[in-house]
Amino acid sequence: MAGILVVCENKENQLRKVSFEVAGEALRRGKELGLPVAALVMGHGVKEQAGELAKYGVSKIYLVDQPSLQHAYAQPYAKIITTAMEQMQAGYVFLAASPRGKTLAGFLGARFATSSFTDCTNMYVQNGKLVIQRPIYAGKVILTASPLKTPVIASLRPNIFKPEMSQVSPQIEELNVTLEESLFQVKVAETSKVAKQKLDVNEAAIIVSGGRGMKGPEHFHLIEQLADLLGAATGASRAAVDAGWRPHAEQVGQTGKTVSPQLYVACGISGAIQHLAGMRTSRVIVAVNKDPEAPIFQVADYGIVGDVFEVLPKMIEAAKASGKN
Amino acid sequence: MKIVVCVKRVPDTATKIKIAADAKAIDAKDVGYITSPYDEYAVENALQIKDKNANVEVVVVSSGPADTESVLRNCLAMGADRGILLESKGDLSDPFVIASALSKSVADEKPDLLLFGIKAVDDDNAQVGGMLATMLQMPFIDGAISCAISDKTIKAKTEAEGGHQILQAAMPCAVALNKGDVEPRIASLINVRKARQKEIKKVVATLPAPSFQVEKLELPPARKGGKIVGKGVDAVPELFRLLREEAKVL
């Protein structure tokens with residue numbers, strides 16, 4: 001029996017929110033296609049996490065819990081996914097379009113001699129077949145494609161798909177997968193610990209971004225402060241990253257990340273075509289810029305024309321006040 | 001030792017993309033082409049390894065239409081030693097097709113180190129590196145911001161949620177480069193001239209069947225023109241009211 005396999009991803013001691021979103025889309029498409037859905041949870045000490053899926057309508061869970069996975073890089077996970085796919089005769093495998101999900105999708109593509117669909121933002125069933133939409137050119141263009149091979153491998157963009165909230169009693173099946181030494185050729189030699197886990201721009205519901213108008217790295221504490229108060233991730237324009245003010249991990253745009261948060265706040269960002277491509281699918285866009293002609297205002301739902309160094313402190317004040325309500 | 005770097009010709013990121021009349025491809029008229037920016041990080045990283053170590057050969061490989069040669073010449077001008085152009089007219093938006101096209105020529109080179117950009121900025125697939133590494137049975141490190149060799153080992157630095165991780169593997173190994181630690185060099189005029197004399201081997205690529213059918217390409221829906229809430233600090237309370245009550249995002 002064919003089915004859809006959902007590959008879950010965990011962060012520290014819990015499953016990532018995006019995994020519930022991916023499961024939700026798999027359940028909806030599975031219903032239309034008449035296919036069962038199973039989720040795969042893998043790692044070390046992840047048994048308890050698997051139970052969380054019960055709230056999200058997933059009734060079948062494959063579990064691989066092995067100590068060797070504690071510091072493992074991508075290769076062993078690809079083998080586990082392949083084993084689970086064989087177990088359920090999966091015709092579809094859905095992953096998160098996270099860095100790891102994309103890496104694994106490439107491994108699986110080579111293994112099954114097909115292309116994976118990266119960063120899908122919409123899926124529907126037409127004439128009994130799955131049709132996939134995904135942005136290309138960093139969102140300047142939307143591609144609609146029909147898969148011609150099986151299995152269909154797709155990674156789904158975070159923050160786009162809705163989880164299915166429904167309580168079930170899942171059947172959990174532990175898979176026995178032999179992970180041979182050759183799968184551990186890439187080793188983690190060092191991990192620098194950071195004092196505070198940063199929210200990733202790819203998964204954040206709110207992003208506060210700064211650009212050239214911030215005039216220097218010393219002023220980004222304003223961006224960080226507002227982001228903290230809103231529970232947001234901090235982002236940056238290419239200009240701010242190329243100037244060395246911010247790390248590339250924060251860059252939004254064609255040579256950075258393409259994001260779709262609920263709220264995107266652009267501060268001192270003029271709105272180059274590459275930046276707009278990367279954030280235009282945000283649900284609500286706010287722009288603060290002193291130039292009323294800045295292209296960012298053409299995509300912003302709400303704009304304030306003004307000096308970021310005056311407006312940002314006022315926004316921080318307002319965010320503090322609204323936090324108290 | 002030998003480093004092979006896979007590069008792709010892509011439309012300039014400053015290009016305003018238009019869709020062709022049949023809605024199956026982009027309108028190639030008025031499009032200027034560049035080396036995909038992430039691939040330049042890979043070339044630069046290869047050249048830095050070459051600068052620091054004796055007897056390193058850097059070979060650049062690309063699959064694409066005949067004028068992809070200009071992208072290879074750019075890499076040769078940066079300092080790569082020679083190029084291989086896999087001429088193909090087919091659709092190069094299908095990552096399995098691209099990885100397959102590259103696989104034989106790259107395997108024949110027997111690279112110690114195989115580098116890619118983390119993704120090509122046209123189709124944003126980010127898949128060819130992992131696929132080709134798997135096909136050639138090489139360990140693969142994705143999204144490194146820089147890598148260096150010592151003895152027979154590659155050490156790659158990656159960004160991991162607010163911190164860094166150093167991953168290591170024995171060579172031969174494949175690594176996909178992200179932006180971060182290396183700044184691609186600009187070729188001098190002398191090197192641009194020298195690059196004209198460097199060898200580019202041309203091979204006709206055979207492509208496997210596509211993995212998907214393009215139904216259509218379209219521009220994303222235009223965002224409705226927003227409103228200017230106001231000027232300066234006085235507009236902030238109204239902005240927060242709108243975000244709370246109208247947009248309901250706070």
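**A ten-strand sheet and two helices of chain B**

In this predicted model, an open sheet of 10 strands with mixed pairing runs in the order 13(A)-9(B)-8(B)-7(B)-10(B)-6(B)-1(B)-4(B)-5(B)-11(B). Its edges are formed by strand 13 (187–191) of chain A and strand 11 (200–204) of chain B, each of which pairs on one side only. On average, and with direction ignored, neighbouring strands of this sheet are turned by 30° against each other.

**Inside the sheet**

- Strand 7 (residues 140–150) of chain B pairs in the parallel sense with strand 10 (residues 173–177) of chain B, over 3 bridges.
- Within these strands, B:F140 stands opposite B:A174, the latter belonging to strand 10 of chain B.
- Helix 4 (residues 128–135) of chain B packs on the sheet, where it touches strand 1 (2–6), strand 6 (113–117), strand 7 and strand 10 of chain B, and its direction makes about 160° with that of strand 6 of chain B.

**Helix 3 of chain B**

- Helix 3 (residues 95–109) of chain B has 15 residues and reaches 21 Å from its first C-alpha to its last, which is close to the 21 Å expected at 1.5 Å a residue.
- The helix nevertheless contains a kink of about 40°, centred on B:S103, and B:S103 is itself among the buried residues of helix 3 of chain B.
- Because 12 of its 15 residues are buried, helix 3 of chain B is largely enclosed by the rest of the structure; the buried residues include B:P95, B:F96, B:V97 and B:I98, as well as B:V106 and B:E109.
- After helix 3 of chain B comes B:K110, whose phi is positive, near 45°.

Notes. Residues numbered from 1 in each chain as written. Chains lettered and ligands numbered in written order. Predicted model: local features only at pLDDT ≥ 70, side-chain atom pairs only at ≥ 80, totals over all residues. Heavy atoms only, no water. Helix = DSSP H or I, 4+ residues; strand = E, 2+ residues; numbered from the N terminus. Expected span 1.5 Å × (residues − 1). Bend = angle between axes of the 7 residues up to and from the residue. Buried < 20%, exposed > 50% of the residue type's maximum accessible area, 1.4 Å probe, protein only. Pairing = 2+ DSSP bridges. Axes fitted to C-alpha atoms, helices over the stretch in contact; angles between N-to-C directions. Contact = heavy atoms within 4.5 Å.
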